[in-house]
Amino acid sequence: MTSMKPAVFFDRDGVLNEDHGYLFEPGKLQWIEGAREAVKAVNDAGYFAFVVTNQSGVARGFYAERDVEVLHLWMSDELAKVGARIDAFEYCPHHPDAVVAQYRVACVCRKPGPGMIRTLLGRHAVDVARSFLIGDKASDVEAAEAAGIRGHLFQGGNLEYFVGQLLRQSGCAATPDCPSASF
Ligand SMILES: [Mg+2]
Ligand SMILES: [Zn+2]
(Lines give C-alpha, C1' and ligand atoms only; values in the text may rest on other atoms or scores of the structure.)
(Ligands and ions follow the chains in the order given, each with its own letter.)
Protein backbone atom coordinates (compact mmCIF):
# COMPACT_ATOMS: atom_id res chain seq x y z
CA MET A 1 0.00 0.00 0.00
CA THR A 2 1.23 3.47 -0.86
CA SER A 3 1.78 5.65 2.16
CA MET A 4 -0.22 8.86 2.21
CA LYS A 5 1.46 12.23 2.11
CA PRO A 6 -0.11 15.57 2.98
CA ALA A 7 -0.22 18.26 0.31
CA VAL A 8 0.12 22.00 0.00
CA PHE A 9 -2.08 23.45 -2.74
CA PHE A 10 -0.69 26.75 -4.00
CA ASP A 11 -2.72 29.29 -5.89
CA ARG A 12 -0.40 30.66 -8.58
CA ASP A 13 -1.00 34.34 -9.38
CA GLY A 14 -0.53 36.44 -6.26
CA VAL A 15 1.05 33.57 -4.30
CA LEU A 16 3.93 32.11 -6.33
CA ASN A 17 4.25 35.04 -8.73
CA GLU A 18 3.16 38.67 -8.70
CA ASP A 19 -0.35 39.03 -10.11
CA HIS A 20 -0.17 41.59 -12.90
CA GLY A 21 -3.21 40.05 -14.64
CA TYR A 22 -3.39 37.45 -17.39
CA LEU A 23 0.27 36.46 -17.23
CA PHE A 24 1.44 33.95 -19.84
CA GLU A 25 4.89 35.12 -20.98
CA PRO A 26 7.74 33.59 -18.95
CA GLY A 27 9.83 36.75 -19.37
CA LYS A 28 7.21 38.76 -17.47
CA LEU A 29 6.95 36.45 -14.47
CA GLN A 30 8.15 37.94 -11.20
CA TRP A 31 8.41 35.46 -8.36
CA ILE A 32 6.94 36.44 -5.01
CA GLU A 33 9.73 36.82 -2.43
CA GLY A 34 10.56 33.41 -0.98
CA ALA A 35 8.22 31.55 -3.36
CA ARG A 36 10.74 29.11 -4.82
CA GLU A 37 12.19 28.46 -1.37
CA ALA A 38 8.65 27.89 -0.05
CA VAL A 39 8.08 25.16 -2.65
CA LYS A 40 11.38 23.55 -1.67
CA ALA A 41 10.39 23.68 2.01
CA VAL A 42 7.16 21.87 1.14
CA ASN A 43 9.13 19.24 -0.82
CA ASP A 44 11.62 18.80 2.02
CA ALA A 45 8.82 18.42 4.59
CA GLY A 46 7.57 15.40 2.62
CA TYR A 47 4.42 17.08 1.30
CA PHE A 48 3.09 17.08 -2.24
CA ALA A 49 3.35 20.55 -3.80
CA PHE A 50 0.43 21.27 -6.14
CA VAL A 51 -0.65 24.38 -8.08
CA VAL A 52 -4.35 25.11 -8.67
CA THR A 53 -4.91 28.17 -10.84
CA ASN A 54 -7.85 29.83 -12.61
CA GLN A 55 -6.73 30.80 -16.11
CA SER A 56 -9.76 32.51 -17.62
CA GLY A 57 -7.35 34.30 -19.97
CA VAL A 58 -7.78 31.19 -22.14
CA ALA A 59 -11.57 31.60 -22.18
CA ARG A 60 -11.15 35.31 -22.88
CA GLY A 61 -8.91 34.61 -25.87
CA PHE A 62 -5.85 36.34 -24.40
CA TYR A 63 -3.69 33.21 -24.67
CA ALA A 64 -3.98 29.49 -25.39
CA GLU A 65 -3.84 26.43 -23.15
CA ARG A 66 -0.46 25.68 -24.74
CA ASP A 67 0.83 29.03 -23.38
CA VAL A 68 -0.27 28.06 -19.88
CA GLU A 69 1.52 24.72 -20.21
CA VAL A 70 4.70 26.35 -21.56
CA LEU A 71 4.72 28.81 -18.65
CA HIS A 72 4.33 25.96 -16.15
CA LEU A 73 7.23 24.09 -17.76
CA TRP A 74 9.32 27.24 -17.52
CA MET A 75 8.36 27.65 -13.84
CA SER A 76 9.33 24.00 -13.23
CA ASP A 77 12.75 24.64 -14.79
CA GLU A 78 13.29 27.73 -12.64
CA LEU A 79 12.21 25.83 -9.52
CA ALA A 80 14.56 22.97 -10.35
CA LYS A 81 17.48 25.44 -10.21
CA VAL A 82 16.89 25.78 -6.46
CA GLY A 83 16.08 22.09 -6.00
CA ALA A 84 12.31 22.68 -5.81
CA ARG A 85 9.52 20.79 -7.58
CA ILE A 86 5.80 21.18 -8.22
CA ASP A 87 4.30 17.68 -8.32
CA ALA A 88 1.33 18.72 -10.46
CA PHE A 89 -0.20 21.83 -11.99
CA GLU A 90 -3.97 22.07 -12.49
CA TYR A 91 -5.52 25.02 -14.29
CA CYS A 92 -9.06 25.99 -15.24
CA PRO A 93 -9.31 27.56 -18.71
CA HIS A 94 -13.07 28.17 -18.49
CA HIS A 95 -15.33 31.12 -17.85
CA PRO A 96 -19.14 31.36 -18.01
CA ASP A 97 -18.88 34.48 -20.24
CA ALA A 98 -16.01 33.20 -22.39
CA VAL A 99 -15.32 34.79 -25.76
CA VAL A 100 -13.98 31.44 -26.98
CA ALA A 101 -17.07 29.21 -27.26
CA GLN A 102 -15.40 25.93 -26.29
CA TYR A 103 -14.48 27.36 -22.88
CA ARG A 104 -17.87 28.96 -22.15
CA VAL A 105 -19.07 26.78 -19.31
CA ALA A 106 -19.98 27.12 -15.65
CA CYS A 107 -17.52 24.42 -14.59
CA VAL A 108 -16.70 23.01 -11.16
CA CYS A 109 -12.96 23.50 -11.61
CA ARG A 110 -12.99 27.30 -11.59
CA LYS A 111 -12.39 28.40 -8.00
CA PRO A 112 -14.35 28.82 -5.74
CA GLY A 113 -15.35 25.42 -7.16
CA PRO A 114 -13.44 22.48 -5.66
CA GLY A 115 -12.90 20.64 -8.97
CA MET A 116 -9.15 21.10 -9.39
CA ILE A 117 -8.42 20.10 -5.80
CA ARG A 118 -10.70 17.07 -6.11
CA THR A 119 -8.96 16.02 -9.33
CA LEU A 120 -5.58 16.08 -7.57
CA LEU A 121 -6.99 14.21 -4.55
CA GLY A 122 -8.24 11.57 -6.97
CA ARG A 123 -4.86 11.13 -8.64
CA HIS A 124 -2.53 11.15 -5.65
CA ALA A 125 -2.48 9.44 -2.25
CA VAL A 126 -3.06 12.58 -0.17
CA ASP A 127 -3.41 12.75 3.60
CA VAL A 128 -6.28 15.24 3.46
CA ALA A 129 -6.40 16.01 7.19
CA ARG A 130 -2.88 17.47 7.18
CA SER A 131 -3.19 19.24 3.83
CA PHE A 132 -3.88 22.90 3.22
CA LEU A 133 -4.19 25.51 0.51
CA ILE A 134 -2.55 28.93 0.25
CA GLY A 135 -4.38 31.54 -1.79
CA ASP A 136 -4.60 35.30 -2.05
CA LYS A 137 -8.37 35.54 -2.55
CA ALA A 138 -11.44 34.46 -0.62
CA SER A 139 -12.42 32.29 -3.60
CA ASP A 140 -9.24 30.24 -3.09
CA VAL A 141 -10.09 29.57 0.53
CA GLU A 142 -13.71 28.75 -0.43
CA ALA A 143 -12.47 26.21 -2.98
CA ALA A 144 -10.31 24.55 -0.33
CA GLU A 145 -13.15 24.38 2.17
CA ALA A 146 -15.51 22.98 -0.47
CA ALA A 147 -12.96 20.20 -1.03
CA GLY A 148 -12.65 19.57 2.71
CA ILE A 149 -9.21 21.08 3.30
CA ARG A 150 -8.07 24.14 5.22
CA GLY A 151 -7.39 27.32 3.31
CA HIS A 152 -5.04 30.14 4.34
CA LEU A 153 -4.99 33.65 2.95
CA PHE A 154 -1.56 34.96 1.97
CA GLN A 155 -1.56 38.73 2.13
CA GLY A 156 1.92 39.42 0.86
CA GLY A 157 5.38 39.32 2.38
CA ASN A 158 7.78 36.40 2.26
CA LEU A 159 6.11 33.16 1.19
CA GLU A 160 8.85 30.93 2.63
CA TYR A 161 8.25 32.44 6.06
CA PHE A 162 4.45 32.10 5.71
CA VAL A 163 4.67 28.47 4.56
CA GLY A 164 7.22 27.62 7.25
CA GLN A 165 4.80 28.69 9.98
CA LEU A 166 1.97 26.65 8.46
CA LEU A 167 4.16 23.55 8.06
CA ARG A 168 5.16 23.75 11.72
CA GLN A 169 1.52 24.12 12.82
CA SER A 170 0.47 21.27 10.55
CA GLY A 171 3.23 19.01 11.87
CA CYS A 172 2.33 19.77 15.48
CA ALA A 173 -1.35 19.08 14.91
CA ALA A 174 -0.46 15.62 13.69
CA THR A 175 2.05 14.82 16.43
CA PRO A 176 0.66 14.06 19.92
CA ASP A 177 4.02 14.75 21.60
CA CYS A 178 4.31 18.27 20.19
CA PRO A 179 4.34 20.66 23.19
CA SER A 180 1.97 23.12 21.52
CA ALA A 181 -0.54 20.53 20.31
CA SER A 182 -3.91 20.68 22.06
CA PHE A 183 -4.72 17.06 22.86
MG1 LIG B 1 -4.41 34.47 -6.95
ZN1 LIG C 1 -12.98 25.03 -15.33
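The exercises below, each with a worked solution, walk through a predicted model.

**Exercise 1. The order of the strands**

Work out in which order the strands of the open sheet stand, and which strands stand at the edges.

Solution. Begin with the sheet as a whole: 5 strands form an open sheet, in the order E3-E2-E1-E4-E5, and the pairing is parallel. Next, look at the two ends of that order, where strand E3 (88–92) and strand E5 (150–153) each have a single partner strand, so one side of each is left without a neighbour in the sheet. From one strand to the next, the twist averages 20°. Finally, consider what lies on the sheet: helix H5 packs on it and touches E4 and E5, and the direction of H5 makes about 170° with that of E5.

**Exercise 2. Strand E1 and its partners**

Find the bridges that join strand E1 to E2 and to E4, and name residues that stand opposite each other.

Solution. Take the E2 side to begin with, where 4 bridges join E1 to E2 and the two strands run parallel; here the bridge partner of Phe9 is Phe50 in E2. Then turn to the E4 side, where strand E1 (residues 7–10) and strand E4 (residues 132–135) pair in the parallel sense over 3 bridges. On this side Val8 stands opposite Phe132, and Phe10 stands opposite Ile134. As a last step, check the two faces of E1: both are covered, with Ala7 and Phe9 buried on one side and Val8 and Phe10 buried on the other.

**Exercise 3. From E4 to the edge strand E5**

Determine which way the residues of E4 point, and how E4 is joined to E5.

Solution. In E4, Phe132 and Ile134 point one way while Leu133 and Gly135 point the other way, and all of these are buried. E4 and E5 run parallel and are joined by 4 bridges, and the bridge partner of Leu133 in E5 is Gly151. Strand E5 also holds His152. Because the cut-off for a buried residue is under 20% relative accessible area, His152 counts as buried at 19%. Its contacts, leaving aside residues up to four places away in sequence, include Phe132, Leu133, Ile134 and Gly135, and among the others are Phe162 and Leu166.

**Exercise 4. A residue in the loop after E5**

Decide whether Phe154 is buried or exposed, and find which residues it touches.

Solution. Phe154 is found in the loop between E5 and helix H6 (159–173). At 3% relative accessibility, Phe154 counts as buried. Although Phe154 and Gly135 are 19 residues apart in sequence, their C-alpha atoms are 5.8 Å apart in space. Gly135 is one of the residues that Phe154 touches, when residues up to four places away in sequence are not counted, and the others include Gly14, Val15, Ile32 and Phe162.

**Exercise 5. Between E3 and H4**

Describe the loop between E3 and H4 through Pro112 and His94, and then the helix H4 itself.

Solution. Start with Pro112, which lies in this loop. Most residues other than glycine have a negative phi, and most peptide bonds are trans. The peptide bond from Lys111 to Pro112, however, is cis, with omega near 20°. His94 lies in the loop between E3 and H4 as well, and it is buried, with a relative accessible area of 17%; its contacts beyond four places in sequence include Ser56, Tyr103, Cys107 and Arg110. In helix H4 (residues 115–123), Gly115, Met116, Ile117 and Leu120 are buried, and the buried residues of H4 pack against E1, E2, E3, E4 and H5.

**Exercise 6. A positive phi**

Find where Tyr22 lies and what its phi is.

Solution. Tyr22 lies in the loop between E1 and helix H1 (35–44). Its phi is positive, about 55°, although Tyr22 is not a glycine. With a relative accessible area of 39%, Tyr22 is partly exposed.

**Exercise 7. The largest pocket**

Describe the largest pocket by its volume and its lining.

Solution. The volume of the largest pocket is about 340 Å³. Its lining consists of 19 residues, and Asp13, Asp19, Asn54, Arg110 and Lys137 lie nearest its centre. Sorted by kind, the lining holds 3 nonpolar, 7 polar and 9 charged residues. Strand E2 (48–54), helix H2 (56–59) and helix H5 (138–146) each supply at least two residues of this lining.

Key:
Residues are numbered from 1 along each chain as its sequence is written. Chains are lettered from A and ligands numbered from 1 in the order in which they are written. This is a predicted model: local features need pLDDT of at least 70, side-chain atom pairs count only at pLDDT 80 or more; totals for chains, interfaces and linings use all residues. Side-chain values use heavy atoms; hydrogens and water are left out. On a 1 Å grid over the protein atoms alone, a cavity is a set of points where a 1.4 Å probe fits but cannot get out, and a pocket is an open set with protein on both sides within 12 Å along at least five of seven lines; lining residues have an atom within 4 Å of a point. Grid points are joined across faces, edges and corners, and a volume is the space filled by probe spheres set on the points. Ala, Val, Leu, Ile, Met, Phe, Trp, Tyr, Cys and Pro count as nonpolar, Asp, Glu, Lys and Arg as charged, and the others, Gly among them, as polar. Two strands pair if DSSP finds at least two bridges between them. Axes are lines fitted to C-alpha atoms, for helices over the stretch in contact, and angles run from 0 to 180 degrees between N-to-C directions. Contact means heavy atoms within 4.5 Å. Buried means under 20% relative accessible area, exposed over 50%, partly exposed in between (1.4 Å probe, protein chains only).
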